Amino acid sequence: MLGRWTKAAPFTEPDLGLLQRRDPTALRRMVNRHHGSMVGLARSILRNAAAADDVVQEAWIAVIAGLPSFEGRAKLSTWMMAILVNKARAHARREGRYVPLLDADDPYDEVEGPERFDHTGHWRVAPDDLETLTPERILAGREVWKQVRDQIDRLPAAQRAVLILRDVEGADAAETADILDLSAENQRVLLHRARIRLRRALDDLSHRG
Amino acid sequence: MTCDQIPKLASSYIGRDLSAVIRLKFAFHLVQCKSCRAYMRGFLKARDLAVQSLQMPAPDALMQALGLHEDDQKVRG
C-alpha cells in the first residue's frame, strides 16, 4: 500500500558517455529535458525573466563545456542545477539584487481550506483525482501543460525552486537544501506548500474545464 | 485520522517523512476512504504534470546559441 503512494516519479539519467563525446542528439535531449527547470530556478533567484534567460544560457554553456570533466559523483541533473544556481546568485550579487530564498514573503499557511471539510473532518465534496488532466488537453482555451507551467511560475520563489529541484529534477531533500542554502525544515515546509498549492490550482482548473 | 488531516500530511507521506505510527494511520485511512485516495491520486498527478510541463522543447534561439540546432547540424554534416 505504501509503495503505491511513495514511489518516486521516474527520473532517467542520460548516457553520460554520449554527452561527454558531445553527441548532438544526446545534448539536445539533455537541454530539452532540463531547460524548463533551469529557467524556473533562475527566475526564482533573480526574479527577473530577462536576466534569468541570460544566466540560463550562460549556465548551459558552462554545463556543456564542463561535461568532459564531470566525474559522476553527484547526479548529472543535480550538478547542472548547482551550476545554474551558482551563476544566478553571482549575477544577482553583481547587480546588487541578491535576496536569499526564504518563505517569509509567503503568508500562505493554509493547507486545504476548512470550508472543504464538514464538522466531522470529512470532505464536503470529494476531491477530483485529476486523472482526466493530460498535458495536451485544452482547458479554458489553453493546453494543460501551459497552465501547469503558469501555476508553477505563480508559486512564491522559494516554493517554486524547491518544487523544481525535488519533483521535477528528482534531487533529494539534502541536495535541495544544500543547493538552495535552506535548512532541512525550511526545505520540507516549502515543498509541502508548493505541492499543496499546485494540487489545489489544478483542482480548480479541472473544475473550470 | 480524518480527511482534513490528509492534505496536511500528504507531502510528508509520499516523502516517507512521517513517524511509523502516523504513516500507518495515514495508510489505514487511505484504505478506508475513497475521497482521500482520489486526493492522493491528484497529488501525484499534479507532480507528474509539473514534470511534463517543464520538459517542453527549449527555444530554437538557445539551441542555435549552443550550436545544437538541428538545421546547424545538417549544414555541418
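This tour moves through a predicted model, from one whole chain to its partner and then to single residues.

**Chain B as a whole**

Begin by selecting chain B. Its secondary structure consists of 5 helices and 0 strands, and from the N terminus on the order of elements reads α-α-α-α-α. Orient the view along the principal axes of chain B: the C-alpha trace spans about 65 × 25 × 20 Å. The radius of gyration of chain B is 22 Å, whereas a compact globule of 77 residues would have one near 11 Å. Of those 77 residues, 35% count as buried.

**Where chain B touches chain A**

Now display both chains. In the contact between them, 40 residues of chain B meet 51 residues of chain A. On the chain B side, the elements that give two or more residues are α1 (6-14), α2 (20-32), α3 (34-53) and α4 (60-65). Which of them gives the most? Select α3(B): with 16 residues, α3(B) makes the greatest contribution to the side of chain B that touches chain A. Colouring that side by class will show 23 nonpolar, 9 polar and 8 charged residues.

**A helix pair across the two chains**

Keep α3(B) selected and add helix α6 of chain A, residues 144-154. The axes of these two helices are 9 Å apart and the packing angle is about 100 degrees. An angle from 65 to 115 degrees counts as roughly perpendicular, and α6(A) and α3(B) are therefore roughly perpendicular to each other. To see the contact, show the side chains of A:V144, A:W145, A:V148, A:R149 and A:I152 in α6(A), together with B:L49, B:A50, B:Q52 and B:S53 in α3(B). By class, this contact has 6 nonpolar, 2 polar and 1 charged residues.

**A helix pair inside chain A**

Next, hide chain B and select helix α5 (residues 76-94) and helix α8 (residues 173-180) of chain A. How far apart are their axes, and at what angle do the helices pack? The axes are 10 Å apart, and the angle is about 20 degrees. Angles under 35 degrees count as roughly parallel, so α5(A) and α8(A) are described as roughly parallel to each other. The crossing of α5(A) and α8(A) is right-handed. From α5(A), the residues in contact are A:T78, A:M81, A:A82 and A:V85; from α8(A), they are A:E175, A:I179 and A:L180. Sorted by class, the contact of α5(A) with α8(A) has 5 nonpolar, 1 polar and 1 charged residues.

**Two residues with positive phi**

Most residues other than glycine have a negative phi. Two loop residues of chain A are worth selecting with this in mind.

- A:D181 sits in the loop between α8 and α9 (184-208) of chain A. Its phi is positive, near 60 degrees, although the residue is not a glycine. A:D181 is exposed, because 11 other C-beta atoms lie within 10 Å.
- A:R22 belongs to the loop between α2 (16-20) and α3 (24-46) of chain A. A:R22 is likewise not a glycine, and its phi is positive at about 60 degrees. Is A:R22 exposed, partly exposed or buried? A:R22 counts as partly exposed, because it has 13 C-beta neighbours inside 10 Å.

**Last stop: A:A65**

Finally, select A:A65, in helix α4 (residues 49-66) of chain A. A:A65 has 9 other C-beta atoms within 10 Å and is therefore exposed. Add A:Q20, which lies 45 residues from A:A65 along the chain; the C-alpha atoms of the two residues are separated by 9.3 Å.

Terms used: Residues are numbered from 1 along each chain as its sequence is written. Chains are lettered from A and ligands numbered from 1 in the order in which they are written. This is a predicted model: local features need pLDDT of at least 70, side-chain atom pairs count only at pLDDT 80 or more; totals for chains, interfaces and linings use all residues. Helices (H or I, at least four residues) and strands (E, at least two) are DSSP runs, numbered from the N terminus. A residue is buried if 20 or more other C-beta atoms lie within 10 Å of its own, exposed if 12 or fewer, and partly exposed in between; C-beta atoms are placed from the backbone. Two residues are in contact if their C-beta atoms, placed from the backbone, lie within 7 Å. Ala, Val, Leu, Ile, Met, Phe, Trp, Tyr, Cys and Pro count as nonpolar, Asp, Glu, Lys and Arg as charged, and the others, Gly among them, as polar. The radius of gyration is taken over C-alpha atoms; the globule rule is 2.2 Å times the number of residues to the power 0.38. Axes are lines fitted to C-alpha atoms, for helices over the stretch in contact, and angles run from 0 to 180 degrees between N-to-C directions. Angles under 35 degrees count as roughly parallel, over 145 as roughly antiparallel, 65 to 115 as roughly perpendicular and the rest as oblique. A crossing is left-handed if the near helix is turned anticlockwise from the far one by less than a right angle, and right-handed if clockwise.
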